[in-house]
Amino acid sequence: MILSGASASAQTVAALPVATTSVASQGQARPLQAWTKFCETFPSECAVNVAEQDVIELTPQVWKTIVSVNQQVNSSIKAITDADHWGAVDIWGFPDDGKGDCEDFQLLKRRKLAESGLPRRAMRMTVVIDELGEGHAVLVIRTNRGEYVLDNKTSAVLPWSQTGYVYIKRESQYAVGWVSLGGATSPTTTANR
């Protein structure tokens, strides 16, 4: 599923991606327990500032930044499950020791993108069912050209509809909490690396 280096690097010099549709939310959803614990430890990472933009204007420079951060984080963190890393099924945090699973990659990407000036409110942690039928976390970036997915399984930033994933739920952009995306039964963890 990892795209070749030439294909992934072509994203940084190519024109902006073609506009796509957005994922529709369908009411409230229960957050994962590990996310709730993460928010207790890092409340500013879960806070929603409704004065902030909830959609990013996708310029060539912004696209280049998004693709670059996705590639940089994916290449600098070693994928490892929480069970192997921490002896627990699902722990959300930052991969400060250079190791982490899916949500750890995405949380670091969001932090780096926010530090580069992108509005955190437009970048939502999202739970999906992946190609293996397992719970997986990705970062969805809401733009004026549609929603794009940053994923540790590929260095390409893809439109949500081209990932092959079933979209279950994501953080709300209106309040601290989660919204349903209408997918299958919600996984209780994102134990995938």
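## Overall picture

Two residues are in contact when they have heavy atoms within 4.5 Å of each other. By that yardstick, 66% of the contacts in the protein with a separation of 6 or more are between residues 24 or more positions apart.

Before going further, a word on the ground rules: this is a predicted model, in which local features need pLDDT of at least 70 and side-chain atom pairs count only at pLDDT 80 or more, while totals for chains, interfaces and linings use all residues. Residues are numbered from 1 along each chain as its sequence is written, and side-chain values use heavy atoms, with hydrogens and water left out.

## Fold and surface

The protein has six helices and nine strands; these are DSSP runs numbered from the N terminus, with helices being H or I over at least four residues and strands being E over at least two. Of its 193 residues, 51% count as buried. Here buried means under 20% relative accessible area, exposed means over 50%, and partly exposed covers what lies in between (1.4 Å probe, protein chains only).

The protein exposes about 8800 Å², and carbon and sulfur atoms supply 53% of that area. Accessible areas come from the Shrake-Rupley method with a 1.4 Å probe, and for residues only the protein chains shown count as cover.

## A buried charged pair

Side chains of opposite charge can pair when their charged atoms come close. Searching the whole structure turns up eight salt bridges, each being a side-chain nitrogen of Lys or Arg within 4 Å of a carboxyl oxygen of Asp or Glu.

One of them joins E171 and R110, at 2.6 Å from N to O. This pair links distant parts of the chain, 61 residues apart: E171 sits in strand β8 (residues 166-171) and R110 in helix α6 (residues 102-115). E171 is buried, at a relative accessible area of 1%, and R110 is buried too, at 0%.

## Two bridges at K153

K153 is a good place to pause, with a salt bridge to D130 at 2.6 Å, N to O. K153 lies in the loop between β6 (146-151) and β7 (154-159) and D130 in the loop between β4 (123-129) and β5 (135-143), so the pair ties together parts that are 23 residues apart in sequence. Both K153 and D130 are buried.

K153 also meets E131 in a salt bridge, this time at 3.1 Å, N to O. E131 belongs to the loop between β4 and β5, and the partners are 22 residues apart. How exposed is E131? With a relative accessible area of 44%, E131 is partly exposed, whereas K153 is buried at 10%. Elsewhere on the tour, D54, R142, E147 and R170 form one network through salt bridges that share partners.

## Two buried small residues

A34 is found in helix α2 (residues 33-41) and is buried, at 8% relative accessibility. Leaving aside neighbours within four places in sequence, A34 is in contact with D90, I91 and W92. The C-alpha atoms of A34 and V89 are 9.3 Å apart in space, with their positions 55 residues apart in sequence.

Turning to G100, you will find this residue in strand β3 (residues 99-100), buried at 0% relative accessibility. Which residues does G100 touch, not counting those up to four places away in sequence? They are I77, K78, A79, I80, P95 and F105. G100 and H85, 15 residues apart in sequence, have a C-alpha to C-alpha distance of 7.5 Å.
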